[in-house]
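Please find below my notes on this structure, set out as numbered points for a colleague who has not looked at it before. Each point takes up one part of the chain.

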Amino acid sequence: MSAPGSAGADLDTLTRVTDRVRDNVQRVLEGKPDVVTSALVVMLAEGHLLIEDVPGVGKTMLSKALARSIDCSVRRIQFTPDLLPSDVTGVSVFNQNTREFEFRPGGVFANVVVGDEINRASPKTQSALLECMEERQVTVDNTTYQLEAPFMVIATQNPIEMEGTYALPEAQRDRFMARVSVGYPVPAAEIAMLDVHTGHRPLEDLEPVTDAAEIRKLIDIVAQVYVSQPVQRYAVELATATRRAAELTLGASPRATLHLVRAAKARAAMRGRDYVLPDDVTALAQPVLAHRLLASVEASMTGRTTTAILDGILASVPVPEGAGG
């Protein structure tokens, strides 16, 4: 652990940088501070973000704005039914001059990878992301290539358009740390959007406010945030309760518990604390856990969603008191 004085200075730096990034992103995505904050939490916790919502609410705009706010390598992959796994990971090509195979990196070789409409690609192509999302590496022709840190996949998908789409398998959803919905803007924010976006394209004017090296430092600061035993137990009890719930056929995995605690550490750091409170875990339970759960047939027939079921679980699991630093 760092000395108290240096820890405080580190947290001041973290909040200052994240505030700059948040303000920058909100220049193009008006009226959605909570969504932008969730994206920053996932980035600092070294996770991946799934943005799921109806068309036209700014899913791709959010992902592009976050990527442009950081001076780092960014690649965008438009997922389509004819996209091949090698388009994502890369491919070995025979060079006629050298008479040897050369590796040509695919779209995932970047710090921030924007996967647009990920559910339009076939399951085979979707599975090309599994190794890189979990292990930060790509294996092609028995050769493993490491991905540069920070590495974050921001994927978007449309939940209501079913034609020509392939549902994300459970293994894929489990690799996304959090799922967020942008939602429709309030009228005042929508009017502001009309005023700003009809005159010019603010996304094109967006300048980086930090870089990859600074983000790596912030990730290291988040890693030092303290999580007490009661808070760890609380996270495990929430995950265990989802596995025992009669309304669920699939509960939260151990990876989900780990993601929940990592995200809670990032949230605590962004709020200027070097320790996690139970409130951090509670606040992040829905975005981190809900997309990994599967409702039973009976629950689905009665209209019970995983979000509603998780609300009931959160209400039933006791929150530890005085479990801070």
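1. Helix α12, which runs over residues 254–270, has 17 residues, and at 1.5 Å a residue these should span 24 Å; the end C-alpha atoms of α12 are 25 Å apart, which agrees with that expectation. Of the 17 residues of α12, 13 are buried, so the helix is largely enclosed by the rest of the structure. After α12 comes Gly272, a residue whose phi is positive, near 80 degrees.

2. Since what is shown is a predicted model, the reader should keep its confidence values in view. The mean pLDDT of the chain is 89, and 94% of the residues reach 70 or more. The stretch to treat with reserve is residues 1–5, where the pLDDT is below 50 and where the model shows 3 contacts beyond near neighbours in sequence.

3. Helix α2 covers residues 33–44, and its 12 residues reach 17 Å from the first C-alpha to the last, which is close to the 16 Å expected at 1.5 Å a residue. Buried residues occur in both parts of the name list that follows: Val35, Val36, Ala39 and Leu40 are among them, and so are Val41, Val42, Met43 and Leu44.

4. Which residue just after α2 takes a positive phi? It is Glu46, with a phi of about 60 degrees, although Glu46 is not a glycine. Glu46 is placed in the loop that joins α2 to β1, the latter being residues 49–52. With a relative accessibility of 39%, Glu46 counts as partly exposed, because the partly exposed class lies between 20% and 50%.

5. Asp141 is also not a glycine, and its phi is positive at about 50 degrees. The residue sits in the loop between β7 (137–140) and β8. Is Asp141 buried or exposed? Its relative accessibility is 55%, and Asp141 therefore counts as exposed, the cut-off for that class being over 50%.

6. On the other side of β8 (143–146), in the loop that leads to β9 (152–157), lies Pro150. The peptide bond from Ala149 to Pro150 deserves a look in the 3D view, as this bond is cis, with an omega near -5 degrees.

7. Arg120 belongs to the loop between β6 (112–116) and α5 (123–126). Although it is a loop residue, Arg120 counts as buried, because its relative accessibility is 18% and the buried class takes in values under 20%. The side chain of Arg120 makes a polar contact, at 2.8 Å, with the side chain of Glu117.

8. How many disulfides does the structure hold? The number is 0. Cys72 is in no disulfide, and the cysteine sulfur nearest to that of Cys72 belongs to Cys132, 16 Å away. Cys132 is likewise in no disulfide, with the sulfur of Cys72 as its nearest cysteine sulfur, at 16 Å. A disulfide would need the two sulfur atoms to be within 2.5 Å, and the pair is therefore not counted as one.

9. The two cysteines can finally be placed by their accessibility. Cys72 is buried, with a relative accessible area of 17%, and Cys132 counts as buried at 1% relative accessibility. Both values fall in the buried class because that class is defined as under 20%.

Methods: Residues are numbered from 1 along each chain as its sequence is written. Side-chain values use heavy atoms; hydrogens and water are left out. Helices (H or I, at least four residues) and strands (E, at least two) are DSSP runs, numbered from the N terminus. The expected span of a helix is 1.5 Å times one less than its number of residues. Buried means under 20% relative accessible area, exposed over 50%, partly exposed in between (1.4 Å probe, protein chains only). A polar contact is a pair of N or O atoms within 3.5 Å; within protein, one must be able to donate a hydrogen and the other to accept it, and residues adjacent in sequence count only if both atoms are side-chain atoms. pLDDT is the predictor's confidence in each residue, from 0 to 100. Contact means heavy atoms within 4.5 Å.
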